[in-house]
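Grab a pencil and have a go at these short exercises. Try each task yourself before you read the solution under it.

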Amino acid sequence: MKKVLGALLLGATIVSAFIAYSMYTNHPAKQTAAIEQKQAAKKAEKKTEKKKKPVLKIEDLTYQLKDSRTGKVMKEFKPVHYKDKDVYDQEIKQLASELAKGIDTPMQNIKMDANGSLTGGSKQIILKEAELVKNLQNLNTKQLDVKVPIYETAPNVTAASAQGIADVSLASYSTRFRPSDTSRNRNVQLSAEAINNVVLGPGDSFSYNQTVGERTAERGYQPAPEIINKQLVMGIGGGICQTSSTLFNAIDGAGLQVTARSHHSKHVGYVPAGRDATVSWGGPDFKFTNNKDYPVIIKAYANVNTGVLTVDVRTSQHAI
């Protein structure tokens, strides 16, 4: 009997211990601790994974410079000096300048023929260098395409807007040359013919070098004296600066906006001091923009018999 009671007592003790253990292990605090322990383990695991992943750096990536008009890749660019601001800024400014040289195209202005019809003309194409530099200064690791901002502007003239465009003179200017200086006079005559009947709509730009073109013997230009470094020397096309200077005084009188003009290194006799506009192919250019809200036409006449060059800026009667 004692053995039986002892066995029962031992069994009851074991059962009580088991129940107590179960209650302990299922206690809410214990469960919470276990959950927190698992979460901490997962966080630690994620941190380890992040450390293993390589960090992307802008200077290690290759970017695609794309034409804003077509989306075509123009150049691949690796910003290796991105962290060195001064060096990097100089690098991207040089890059923008080089790209612009291959893109920038002056506007080819429309002309009016003898029948009063508009002919020729082509759009201006400009790469905005400052805008491209800004884009390259703001690179990120998520977007590897960089817009190269290129803008096109067509001549702003129509047959309707040019109706009666030669009716009224806005300003006229004349200079004189020696009729006996035949070679120089031929250059003045050719350059005057090149700018004659050029039509500029509102906002259209004008480049003397672009309009007249390169002065070569093949194009009929003659050797004549020209000013270089304060000296008179012989050069093909000498005398065309008289045409550009006469043009400047006419468009200035008409109130058009001059955007580029340089002086000779020595005083010239055909215009007052400070009223000249020197030009050379590949060098100084004379440029202006029609800042009016109506089109204008340039009329240029070189009379080699009387030795008078006249440039007249005109528009239609209803425009003013």
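**Exercise 1: the whole chain**

What percentage of the 320 residues of the chain count as buried? Keep in mind that you're looking at a predicted model.

Solution. Start with the parts list: the chain has seven helices and 16 strands. Next, go for the burial figure: 36% of the 320 residues count as buried. Now look at the outside, where the chain exposes about 18900 Å². Carbon and sulfur atoms supply 54% of that area. Last step, the contacts: take those with a separation of 6 or more, and you'll find that residues 24 or more positions apart account for 67% of them.

**Exercise 2: Lys 299**

Find Lys 299 and work out which side chain of opposite charge is nearest to Lys 299.

Solution. First, locate the residue: Lys 299 sits in strand S15, which covers residues 296-303. Then check the charges. Asp 312 is the nearest side chain of opposite charge, at 8.6 Å. A salt bridge has to be within 4 Å, so Lys 299 doesn't get one with Asp 312. Lys 299 is buried all the same. What the side chain of Lys 299 does have is a polar contact of 2.5 Å with the side chain of Asn 197. To finish, list who else is around: apart from neighbours within four places in sequence, the contacts of Lys 299 include Ala 166, Asn 196, Thr 310 and Val 311.

**Exercise 3: Asn 290**

Is Asn 290 buried or exposed?

Solution. Begin with the address: Asn 290 is in the loop between strand S14 (287-289) and S15. Now apply the cut-off. Buried means under 20% relative accessible area, and Asn 290 has 0%, so Asn 290 is buried. Then see what surrounds Asn 290: leaving out neighbours within four places in sequence, Asn 290 is in contact with Leu 200, Gly 201, Pro 202, Gly 203 and Asp 204, among others. For a distance check, take Val 199, which is 91 residues away along the chain: its C-alpha atom is 9.8 Å from that of Asn 290.

**Exercise 4: Ala 154**

Which residues does Ala 154 touch, not counting those up to four places away in sequence?

Solution. Place the residue first: Ala 154 is in the loop between strand S7 (150-153) and strand S8 (168-176). Its relative accessibility is 49%, so Ala 154 counts as partly exposed. Now the answer: Ala 154 touches Met 107, Lys 123 and Asp 204. Take Met 107 as one case: Ala 154 and Met 107 are 47 residues apart in sequence, with 7.5 Å between their C-alpha atoms.

Definitions and conventions. Residues numbered from 1 in each chain as written. Predicted model: local features only at pLDDT ≥ 70, side-chain atom pairs only at ≥ 80, totals over all residues. Heavy atoms only, no water. Helix = DSSP H or I, 4+ residues; strand = E, 2+ residues; numbered from the N terminus. Buried < 20%, exposed > 50% of the residue type's maximum accessible area, 1.4 Å probe, protein only. Contact = heavy atoms within 4.5 Å. Areas by Shrake-Rupley, 256 points an atom, 1.4 Å probe, with all protein chains shown as cover. Lys, Arg positive; Asp, Glu negative; His and termini not counted. Polar contact = N/O pair within 3.5 Å; in protein donor to acceptor, adjacent residues only side chain to side chain.
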